[in-house]
Amino acid sequence: MEKNTKKKLSLRARVLTGAVAVAAVGAGTFGAISASASTPAAAPAAAVKADTSNRNLQQTTHLTVAAATKAAQATLDAAKKENQRVSVAVVDRNGNTIVTLRGDGAGPQSYESAVKKAYTAVSWNAPTSELTKRLAQAPTLKDIPGTLFLAGGSPVQVNGAPVAAIGVAGAPSGDLDEKFANVGVAALAR
């Protein structure tokens with residue numbers, strides 16, 4: 001007589017295995033019914049040529065993570081040389097944060113302020129110190145979410161167009177913050 005070497009599955013395991021099998025078959029059947037019930041597939045769309053002469057495409061310039069990190073570190077180093085504890089943020093053209101560095105001893109508010117200053121500078125393609133002057137003519141500018149109209153943000157430009165911005169916060173004055181941000185911008189030219 002041959003020994004039965006297979007282990008019997010418990011009732012729970014058999015029920016679970018059966019349920020999984022039924023679900024898989026059901027999903028396949030539903031997918032097949034859904035696919036056959038749909039309208040016939042449309043002809044494939046013509047491929048869009050990925051060249052700059054195509055009027056439907058726009059080519060943009062982006063700062064690399066390595067370049068953003070280089071600029072942020074240069075900014076932080078410049079502040080440290082003057083014994084200033086700051087945070088630095090580098091954002092892309094769309095205002096998305098690429099890199100943030102919070103210097104040793106920088107205040108808790110400096111991190112968010114640096115991001116907002118960078119966002120503001122890239123949004124208007126202007127240093128935030130210049131933008132604060134515009135508030136006299138348009139005081140509601142400061143109500144735009146995510147912005148901060150204090151000196152300390154500098155845009156990074158290529159051929160006059162913004163590609164990124166650097167924001168600094170934490171020094172005793174916005175002028176110092178912006179001075180350090182400009183060091184970061186200059187570091188990108190090297």
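How do the residues of the lining of the largest pocket divide into nonpolar, polar and charged? The section on pockets below takes this up.

## Overall fold

This is a predicted model. The protein has 190 residues, and 32% of them count as buried. Its secondary structure comes to five helices and four strands. From the N terminus onward, these elements follow the pattern α-α-β-β-α-α-β-β-α.

Among contacts in the protein with a separation of 6 or more, 61% are between residues 24 or more positions apart.

## Nonpolar core

In the largest nonpolar core there are 20 residues. Leu63, Val86, Val88, Val90, Ile166, Val168 and Phe180 have the most contacts inside this core. Two helices and two strands each supply at least two of its residues: helix H2 (65-81), strand S1 (87-92), strand S4 (161-169) and helix H5 (174-187). H2 provides the largest share, with seven residues. In soluble globular proteins, nonpolar side chains tend to be buried together.

Val90 shows what surrounds one of these core residues. Leaving aside neighbours within four places in sequence, Val90 is in contact with Leu63, Ala68 and Ala72, with the run Asn96, Thr97, Ile98 and Val99, and with Ala165 and Ile166.

## Two buried polar residues

Thr75 belongs to helix H2. Thr75 counts as buried because its relative accessibility is 0%, below the 20% cut-off. The Thr75 side chain reaches the backbone oxygen of Ala71 at 2.8 Å. Apart from residues up to four places away in sequence, Thr75 touches Val88, Ile166, Val168, Phe180, Ala181 and Gly184. Of these, Val88, Ile166, Val168 and Phe180 are also listed among the core residues with the most contacts.

Ser154 sits in strand S3 (residues 153-158). Its relative accessibility is 2%, so Ser154 also counts as buried. The side chains of Ser154 and Asn182 make a polar contact at 2.7 Å. With residues up to four places away in sequence not counted, Ser154 touches Ala121, Ala165, Ile166, Glu178, Ala181, Asn182 and Val185. Between the C-alpha atoms of Ser154 and Asp177 the separation is 9.7 Å, and the two residues are 23 residues apart along the chain. Ile166 and Ala181 appear in the contacts of both Ser154 and Thr75.

## Pockets

The largest pocket holds about 210 Å³ of space. Its lining consists of Gln73, Leu76, Asp77, Ala79, Lys80, Asn83, Gln84, Arg85, Val86, Arg102, Gly103 and Asp104. Helix H2 gives the most to this lining, with five residues. As to the opening question, the lining divides into three nonpolar, four polar and five charged residues. Val86, one of the lining residues, is also named among the core residues with the most contacts.

The second largest pocket has a volume of about 160 Å³. Gln59, Thr60, Thr61, His62, Arg93, Asn94, Val158, Ala161, Pro162 and Val163 line this pocket. Here strand S4 gives the most, with three residues. By class, the lining of the second largest pocket has four nonpolar, five polar and one charged residues.

## Elements that recur

Helix H2 recurs in several of these descriptions. It supplies the largest share of the core, gives the most to the lining of the largest pocket and contains Thr75. Strand S4 supplies at least two residues of the core and gives the most to the lining of the second largest pocket.

Terms used:
Residues numbered from 1 in each chain as written. Predicted model: local features only at pLDDT ≥ 70, side-chain atom pairs only at ≥ 80, totals over all residues. Heavy atoms only, no water. Core = buried A, V, L, I, M, F, W, Y, C linked by side-chain atoms within 4.5 Å. Buried < 20%, exposed > 50% of the residue type's maximum accessible area, 1.4 Å probe, protein only. Contact = heavy atoms within 4.5 Å. 1 Å grid on protein atoms, 1.4 Å probe; cavity = no way out; pocket = protein on both sides within 12 Å on 5 of 7 lines; lining within 4 Å. Points joined across faces, edges and corners; volume = space filled by probe spheres on them. Nonpolar A, V, L, I, M, F, W, Y, C, P; charged D, E, K, R; others polar. Polar contact = N/O pair within 3.5 Å; in protein donor to acceptor, adjacent residues only side chain to side chain.
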